[in-house]
Amino acid sequence: EEDPEVMEYFTLPAEYAFVARAISQMDGVGKGLDPSFDFISASAPHLVEVKGAEKYLTDEARKFALGWEKRAEEWQGGGVGRFGVGPK
């Protein structure tokens with residue numbers, strides 16, 4: 001018996017379920033043929049084509065900048081840095 005309140009949070013549109021199943025099957029076949037196969041690493045270059053190079057580069061630049069911003073905030077917060085000194 002399905003609980004309608006629970007199913008409201010766990011129901012996926014059919015398209016997403018089919019894509020997730022296909023990805024899972026491709027990963028399984030790849031690992032069956034080569035145990036060291038990594039589906040994400042193998043498919044990453046092709047994601048740029050699907051997602052669009054401009055969008056991909058924008059997202060990667062944003063992640064990079066946020067990472068450096070976080071490091072700068074941690075350093076300015078008075079913590080000891082990698083070189084053993086903090087801000088003065």
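# Helix α4 and its surroundings in a predicted four-helix model

W68 counts as partly exposed, at 47% relative accessibility. The model in which this residue is seen is a predicted one, and W68 serves here as the point of entry.

W68 belongs to an aromatic pair. The structure contains one such pair. Its members are F64 and W68, whose ring centres are 6.2 Å apart. Their planes stand at 65°, so the pair is edge-to-face, because planes over 60 degrees apart are classed in that way. Both residues lie in helix α4, four residues apart, which is about one turn of the helix. F64 has a relative accessible area of 57% and is exposed, whereas W68, at 47%, is partly exposed. The ring of W68 has a further neighbour: R71 lies over its face, at 4.9 Å from the ring centre.

The salt bridges come next. How many salt bridges does the structure hold? There are two. One of them joins the side chains of D59 and R62, with 3.4 Å from N to O. These two residues are three residues apart in helix α4, which spans residues 53-76, so about one helical turn separates them. Is D59 buried or exposed? D59 counts as buried, because its relative accessibility of 13% falls under the 20% limit. Its partner R62, in contrast, is partly exposed, with a relative accessible area of 47%.

Another salt bridge is formed by the side chains of E60 and K63, at 3.2 Å from N to O. E60 and K63 also lie in helix α4, three residues apart, or about one turn of the helix. E60 is partly exposed, with 32% relative accessibility. K63 has a relative accessible area of 54% and is therefore exposed, since the limit for that class is over 50%.

Attention may now pass to helix α2, which covers residues 14-33 and includes V19. V19, I23 and M26 form a nonpolar patch on the surface. Together, these three residues have about 250 Å² of accessible area. V19 itself is partly exposed, at a relative accessible area of 47%, so it passes the requirement of over 30% for membership of a patch.

G30 is also placed in helix α2. With a relative accessible area of 12%, G30 is buried, while V19 in helix α2 is partly exposed. How far apart are the C-alpha atoms of G30 and A42? They are separated by 10.0 Å, and the two residues are twelve residues apart along the chain.

These details can be set within the whole protein. It has four helices and zero strands, and along the sequence it follows the pattern α-α-α-α. Of its 88 residues, 5% count as buried; D59 and G30 are both in the buried class. The protein exposes about 8100 Å², and carbon and sulfur atoms supply 62% of that area.

The confidence of the prediction bears on how the model should be read. The mean pLDDT of the protein is 76, and 69% of the residues reach 70 or more. Which helix has the lowest confidence, and which the highest? Confidence is lowest in helix α1, residues 4-10, with a mean of 68, and highest in α2, with a mean of 86. Where pLDDT is low, the predicted coordinates should not be read in detail. The nonpolar patch of V19, I23 and M26 and the buried residue G30 have been described above; V19 and G30 both belong to helix α2, where the mean confidence is highest.

Conventions
Residues are numbered from 1 along each chain as its sequence is written. This is a predicted model: local features need pLDDT of at least 70, side-chain atom pairs count only at pLDDT 80 or more; totals for chains, interfaces and linings use all residues. Side-chain values use heavy atoms; hydrogens and water are left out. A salt bridge is a side-chain nitrogen of Lys or Arg within 4 Å of a carboxyl oxygen of Asp or Glu. Buried means under 20% relative accessible area, exposed over 50%, partly exposed in between (1.4 Å probe, protein chains only). Patches are made of residues with over 30% relative accessible area and no salt bridge: like charges are joined within 9 Å, nonpolar side chains (Val, Leu, Ile, Met, Phe, Trp, Tyr) within 5 Å. Accessible areas come from the Shrake-Rupley method with a 1.4 Å probe; for residues, only the protein chains shown count as cover. Rings of Phe, Tyr and Trp (its six-membered ring) pair if their centres lie within 6.5 Å; planes under 30 degrees apart count as stacked, over 60 as edge-to-face and the rest as tilted. A charge sits over a ring if NZ of Lys or CZ of Arg is within 6 Å of the ring centre and within 35 degrees of the ring normal. pLDDT is the predictor's confidence in each residue, from 0 to 100.
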